[in-house]
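This report goes through a structure by its backbone, its cores, its surface and its side-chain contacts.

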Amino acid sequence: LSRANIPFTILERGAGVAATWRTHYDRLHLHTNKGSSALPFLPFASSCPRYPSRDQVIEYLESYARTFTLEPRFNEEVAAASRRNGRWEVQTGTTTYRARHLVVATGLNREPIVPQWPGQESFRRPVAHSCDYRNGSAYAGRLVLVVGIGNSGAEIALDLHEHGAHPTIAVRSPINVLPRDILGVPVAVTARLFGLLPPAVADAINAPLRRLLLGDLRRFGLRPLPYGPLTQIARTGRIPLIDVGTMALIRTGRIVIRPGIDHF
């Protein structure tokens with residue numbers, strides 16, 4: 001918008017740039033390589049590793065805002081937005097903004113989903129959502145159940161093990177798994193190349209290599225989806241599990257897989 005000389009205002013409910021990133025768990029690294037993850041017009045620094053850490057992403061976003069003189073209005077949480085007389089009226093806790101166009105960029109994971117199961121009220125130990133998890137130090141020596149094996153759940157289980165906990169993952173649904181790198185090439189790069197093909201064709205070409213690299217995960221309690229990862233993205237918009245080391249611990253029994261929860 002700036003390069004097109006279109007005036008704009010950025011509203012941010014947090015107190016600074018990258019507010020959401022500051023709340024993510026300590027171990028978090030990008031699962032996609034820095035070359036595929038940079039924003040337009042500014043690459044990650046050459047000194048940054050291939051898979052930047054949470055703090056390096058925060059530093060990058062702060063640098064991005066400085067480089068392009070982006071000045072969000074912080075602590076401005078949008079309460080409501082409505083159309084009136086051909087324009088948007090956006091209300092925050094302090095004022096009302098009016099604009100011809102509105103861009104909603106609150107992110108895919110803004111609102112945590114906290115499931116409830118029958119009998120859960122009888123469970124007397126702590127229950128935490130992944131958005132509240134920081135690291136596994138408080139769980140050392142304990143049995144911990146991680147519910148779900150999305151990218152956050154898989155890495156949190158890995159982090160728990162690294163802090164001396166004994167994690168089990170409850171997995172309800174079939175999944176697709178991808179190694180983070182294929183023959184030394186980031187999976188995000190190969191996915192972009194195969195994205196030129198129809199998803200089903202690309203998945204069929206990749207299937208033998210995925211089996212060679214990952215093996216038969218059904219032996220450990222993980223059921224595969226009936227279609228491949230690129231088809232999954234095209235059909236559902238959901239990202240496959242990108243493995244950063246969890247599968248090796250599952251194969252050796254240091255992380256245990258169980259079915260989905262029915263009740264407590």
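## Backbone outliers

F41 is found in the loop between α1 and α2. The model is a predicted one, and in it F41 has a positive phi of about 75° although the residue is not a glycine. F41 counts as exposed, because its relative accessibility of 56% is over the 50% cut-off.

N85 is another non-glycine residue with a positive phi, here about 55°. N85 is placed in the loop between β1 and β2 (87-92). With a relative accessibility of 78%, N85 is exposed.

## Nonpolar cores

In soluble globular proteins, nonpolar side chains tend to be buried together. In this model the largest nonpolar core has 26 residues. Those with the most contacts inside this core are I149, I169, L222, M247 and I250. At least two residues of the core come from each of β4 (143-147), α3 (151-162), β5 (166-171) and α7 (246-251). The element that gives the most is α3, with five residues.

Which residues does I169 touch, not counting residues up to four places away in sequence? They are L145, V146, G148, I149, A157, T246, I255, V256, I257 and R258. There is also a second, separate core of 10 residues, and A18, L42, C48 and Y60 are included in it.

## Nonpolar surface patch

Nonpolar side chains also appear on the surface, where L1, I6, F8 and I10 form a patch. Together these four residues have about 350 Å² of accessible area. L1 is located in the segment before α1. Its relative accessibility is 58%, so L1 counts as exposed.

## Salt bridges

How many salt bridges are there in the model? The count comes to 11. One of them joins the side chains of E77 and R13, with an N to O distance of 3.7 Å. This pair links distant parts of the chain, as the two residues are 64 residues apart. E77 sits in the loop between α2 (54-67) and β1 (78-84), whereas R13 belongs to the segment before α1 (34-37). Both ends are partly exposed: E77 has a relative accessible area of 41%, and R13 has a relative accessibility of 44%.

E89 takes part in two of the listed bridges, one with R84 at 3.7 Å, N to O, and one with R98 at 3.4 Å, N to O. Is E89 buried or exposed? E89 is buried, because its relative accessible area of 13% is under the 20% cut-off. The two arginines fall into other classes: R84 is partly exposed, with a relative accessible area of 48%, and R98 is exposed, at 55% relative accessibility. Elsewhere, salt bridges link D26, R54 and D55 in a network.

## Contacts of N151

N151 is a residue of helix α3. A polar atom of the N151 side chain lies 3.1 Å from the backbone oxygen of P240. P240 is also one of the residues in contact with N151 when neighbours within four places in sequence are left aside. The others in that set are Y25, H31, I239, L241 and I242.

The helix that holds N151 is also the element that gives the most to the largest core, with five residues.

## Contacts of N33

N33 is placed in the segment before α1. Is N33 buried or exposed? At 9% relative accessibility, N33 counts as buried, since this value is under the 20% cut-off.

The N33 side chain makes a polar contact with the side chain of S36, at 2.8 Å. Apart from neighbours within four places in sequence, N33 is in contact with R50, Y51, P186, A188 and V189. L1 is likewise in the segment before α1, but L1 counts as exposed, at 58% relative accessibility.

Methods. Residues numbered from 1 in each chain as written. Predicted model: local features only at pLDDT ≥ 70, side-chain atom pairs only at ≥ 80, totals over all residues. Heavy atoms only, no water. Helix = DSSP H or I, 4+ residues; strand = E, 2+ residues; numbered from the N terminus. Buried < 20%, exposed > 50% of the residue type's maximum accessible area, 1.4 Å probe, protein only. Patch = residues over 30% accessible without salt bridge, like charges linked within 9 Å, V, L, I, M, F, W, Y side chains within 5 Å. Areas by Shrake-Rupley, 256 points an atom, 1.4 Å probe, with all protein chains shown as cover. Core = buried A, V, L, I, M, F, W, Y, C linked by side-chain atoms within 4.5 Å. Contact = heavy atoms within 4.5 Å. Polar contact = N/O pair within 3.5 Å; in protein donor to acceptor, adjacent residues only side chain to side chain.
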